[in-house]
Amino acid sequence: MAKAYRKDEVDKLMAKVERIDQRVAQYLKNAGYEKWSRVHATVNRGRMMTSNIAECINGCLVEARELPIIDFLEQTRMLFGSWNCKNREIASYTKYTLGRKFENILVSNTIKCSRMKVVASSEYLSKNITDLHPYYSDYYKPEALANTYELPMVPMPNKKDWTAPKEILEEFVLPPIYKRMPGRPKKGRKKFANEKITSSTNSCGRCGHEGHNRKTCNFIPK
């Protein structure tokens, strides 16, 4: 259903879900089709969905993951806050009609199209367009980038200034039931098969990395 391109296909699959479990179907409806269905999305979603940004964030929080939960959350807030501030500052300094990256692409394409031959396909009279900026989506303009980082990430206020609903204050939260497995816990995550450099299990005898051998190893000076 999430990948369907037609609404009738979504309805057909949803009918199957309802026959299997009404609770699941009701949960998906309450969540909102626009949040998980491509055909109902209010924005233009791409075909590929990756976790690249999550991997980048995990790489920046390797040391923070060793901290207690409160300190970890504070490190995460400081990381996101610094990124947010830096990107907002860069967006405010942009003087181009588009972002610098997209402005360079536009200039390059303008130079290339000046050498193209125009072949008429109808009686429509085309004008000599000198300004192509109005034809670009607002997504590529600096205002969109500035709006993305408009709200600052402020630190948590003092506990006496917190305002929590009464039903939340009355709840007593217990720690999750956790059973420690034998042995030392692993810090590195388990990679999928398609993330490996090669399909072979052979690795270098010097550094242990895959994709080369001892003769071509350049990780350790000879």
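Leaving out neighbours within four places in sequence, asparagine 84 is in contact with Tyr149, Leu151, Pro152 and Met153, where contact means heavy atoms within 4.5 Å. Before going further, a word on the source: this is a predicted model, in which local features need pLDDT of at least 70 and side-chain atom pairs count only at pLDDT 80 or more, while totals for chains, interfaces and linings use all residues. Residues are numbered from 1 along each chain as its sequence is written, and side-chain values use heavy atoms, with hydrogens and water left out.

**Helix H5 and its surroundings**

Asparagine 84 sits in helix H5, which covers residues 69-93. Helices here are DSSP runs (H or I, at least four residues; strands are E, at least two), numbered from the N terminus. With a relative accessible area of 9%, asparagine 84 is buried; buried means under 20% relative accessible area, exposed over 50%, and partly exposed in between, using a 1.4 Å probe and protein chains only. Asn84 shares that label with Thr76, Leu79, Gly81 and Ala91 in H5. The buried residues of H5 pack against H4 and helix H7 (142-148).

How far apart are the end C-alpha atoms of H5? They are separated by 36 Å, which agrees with the 36 Å that 25 residues should span at 1.5 Å a residue. That expected span is 1.5 Å times one less than the number of residues.

Leucine 61 belongs to the loop between helix H4 (52-60) and H5. Again setting aside neighbours within four places in sequence, leucine 61 is in contact with Phe72, Thr76 and Leu79. Two of these partners, Thr76 and Leu79, are among the buried residues of H5.

**Three residues side by side**

Here are accessibility values for residues from a loop and two helices.

| Residue | Relative accessible area | Class |
|---|---|---|
| Leucine 61 | 8% | buried |
| Valine 107 | 43% | partly exposed |
| Aspartate 11 | 46% | partly exposed |

Valine 107 is placed in helix H6 (residues 100-113), and aspartate 11 lies in helix H1. Some C-alpha separations add to the picture: leucine 61 and phenylalanine 72, eleven residues apart along the chain, are 8.5 Å apart. For valine 107 and leucine 132, 25 residues apart along the chain, the value is 9.7 Å. Aspartate 11 and methionine 1, ten residues apart in sequence, are 8.4 Å apart.

**Helices H1 and H2**

Helix H1 (residues 7-20) packs on helix H2 (residues 22-31) at an angle of about 135°, and their axes are 5 Å apart. Axes are lines fitted to C-alpha atoms, for helices over the stretch in contact, and angles run from 0 to 180 degrees between N-to-C directions. H1 and H2 are therefore oblique to each other; angles under 35 degrees count as roughly parallel, over 145 as roughly antiparallel, 65 to 115 as roughly perpendicular, and the rest as oblique.

From H1, Met14, Val17, Glu18 and Ile20 meet Gln22, Val24, Ala25, Leu28 and Lys29 of H2. The residues of this contact divide into six nonpolar, one polar and two charged. Nonpolar covers Ala, Val, Leu, Ile, Met, Phe, Trp, Tyr, Cys and Pro, charged covers Asp, Glu, Lys and Arg, and the others, Gly among them, are polar.

Just after H2, glycine 32 takes a positive phi of about 100°.

**The whole chain**

The protein chain has eight helices and zero strands. Of its 222 residues, 13% are buried. Among contacts with a separation of 6 or more, 44% come from residues 24 or more positions apart.
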